[in-house]
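User: Could you take a close look at one part of this model for me, the helices and the loops that follow them? I'd like to hear what they pack against and how that ties in with the rest of the fold.

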Amino acid sequence: PAPSPYDDQSMVEAQRAGPWSSGTGFAIGDNGTWLTARHVALGCERLGVVNSQDQELVAASLAYVSKRADVAILRTQGGPEPLALDLDENDLQIGAMGFHIGFPQGQPGEVVSRLIGRELMITEGAWRGRENTLAWAEVSRSKGLRGTLGGLSGGPAFDSKGNVIGITIAESLRRGRIITTSSDSIVQALKDARLSPKGDAIAPLRSDDIARVANRVRRDLKVVQIVCL
């Protein structure tokens, strides 16, 4: 259903990125255009994208920051083929599977979830805002990954067809929830930045095969680690 005053609410204390903090980003243009979360990049004097093959840092610049949502766009000199976006939420149903790929705790990892519904995220701290988001219940995660999912922020949330349907932006360990942007936040950011990204779905995704596909998209640098320098 559409956003409602009766949606659950969550409170988030926003903090600017600090030196050597890290998150995740993903390619939406082969010219070196990346989507990530605003809180991953905002406040950094310099940004770097980690080349996972040799662990070298590629300089990145902050090209766009949303005023209303936890969304930012970065630029580098060149980049991989982009991921496919599916921003039509009419295709989503409660209970749908979600696949979150990135670098939790600064290491490669992934989480599988199921859609619970909409949630209004109220942000305080470094900035204030109210943002419609999607809430997901965690089902499983990478072997050995325990505790916080910090570092997964900014990474893509995929549907079972392998299309990006949101950006992972927050978690609630106590409630076992993962929060992603709603589609309208990404649509508005792309409109503001005058971008019309087109890419291919990575592959049909399953919970018992997510690690293999996740390793491939990280190896192909379609999902990368973002470091604040």
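Analyst:
**Helices, loops and what lies under them**

Arg194 is exposed, with a relative accessibility of 79%. Keep in mind that this is a predicted model. Arg194 sits in the loop between H2 and H3, and its phi is positive, about 60 degrees, even though it isn't a glycine. As background, most residues other than glycine have a negative phi.

Now step back into the helix that Arg194 follows. The buried residues of H2 are Ser183, Ser185, Ile186, Ala189 and Leu190. They span an arc of only 165 degrees around the axis, so they end up on the same side of H2. Ser185 is a good one to zoom in on: H2 covers residues 183–192 and Ser185 is part of that run. Its relative accessibility is 1%, and because buried means under 20%, Ser185 counts as buried. Setting aside neighbours within four places in sequence, Ser185 is in contact with Arg68, Ala69, Val71, Glu131 and Asn132.

On to H3, which runs over residues 210–219 and buries Ile210, Val213, Ala214, Val217 and Arg218. Looking down the axis of H3, those residues fall within an arc of 135 degrees, so they line one face of the helix. What do the buried residues of H3 pack against? Three strands: E7 (97–102), E8 and E13 (223–228). Arg218 also has a ring to look at: its charged end sits over the ring of Phe103, 5.9 Å from the ring centre. If you're hunting for aromatic pairs, though, the structure holds zero of them.

Just after H3 comes Leu221, with a positive phi of about 65 degrees. Leu221 belongs to the loop between H3 and E13, and like Arg194 it isn't a glycine.

E8 deserves a stop of its own, since it is one of the strands under H3. The strand spans residues 109–125, and Ser113 is found there. Ser113 is buried, at a relative accessible area of 0%. Its side chain makes a polar contact of 2.8 Å with the side chain of His100. Beyond residues up to four places away in sequence, Ser113 touches Ala96, Met97, Gly98, His100, Trp136, Ala137, Glu138 and Val139.

Met97 and Gly98 turn up again around Phe158, whose contacts outside its sequence neighbourhood also include Phe99, Ile101, Ile202 and Leu205. Phe158 is part of the largest nonpolar core, a set of 45 residues, where Phe26, Leu35 and Phe158 have the most contacts. Apart from that one lies another core of nine residues, including Val111, Leu115, Leu145 and Ile178. In general terms, nonpolar side chains tend to be buried together in soluble globular proteins.

One more residue to finish the tour: Val164, in strand E11 (residues 164–172). Val164 is buried, with 0% relative accessible area. Leaving out its close sequence neighbours, those within four places, Val164 is in contact with Phe26, Leu83, Ala84, Leu85, Asp86, Leu87, Pro156, Ala157 and Phe158. Val164 and Thr33 are 131 residues apart in sequence, and their C-alpha atoms are 15 Å apart in space.

Notes:
Residues are numbered from 1 along each chain as its sequence is written. This is a predicted model: local features need pLDDT of at least 70, side-chain atom pairs count only at pLDDT 80 or more; totals for chains, interfaces and linings use all residues. Side-chain values use heavy atoms; hydrogens and water are left out. Helices (H or I, at least four residues) and strands (E, at least two) are DSSP runs, numbered from the N terminus. Buried means under 20% relative accessible area, exposed over 50%, partly exposed in between (1.4 Å probe, protein chains only). A polar contact is a pair of N or O atoms within 3.5 Å; within protein, one must be able to donate a hydrogen and the other to accept it, and residues adjacent in sequence count only if both atoms are side-chain atoms. Contact means heavy atoms within 4.5 Å. Rings of Phe, Tyr and Trp (its six-membered ring) pair if their centres lie within 6.5 Å; planes under 30 degrees apart count as stacked, over 60 as edge-to-face and the rest as tilted. A charge sits over a ring if NZ of Lys or CZ of Arg is within 6 Å of the ring centre and within 35 degrees of the ring normal. The arc is that of the directions from the helix axis to the C-beta atoms. A nonpolar core is a set of buried Ala, Val, Leu, Ile, Met, Phe, Trp, Tyr and Cys residues joined through side-chain atoms within 4.5 Å.
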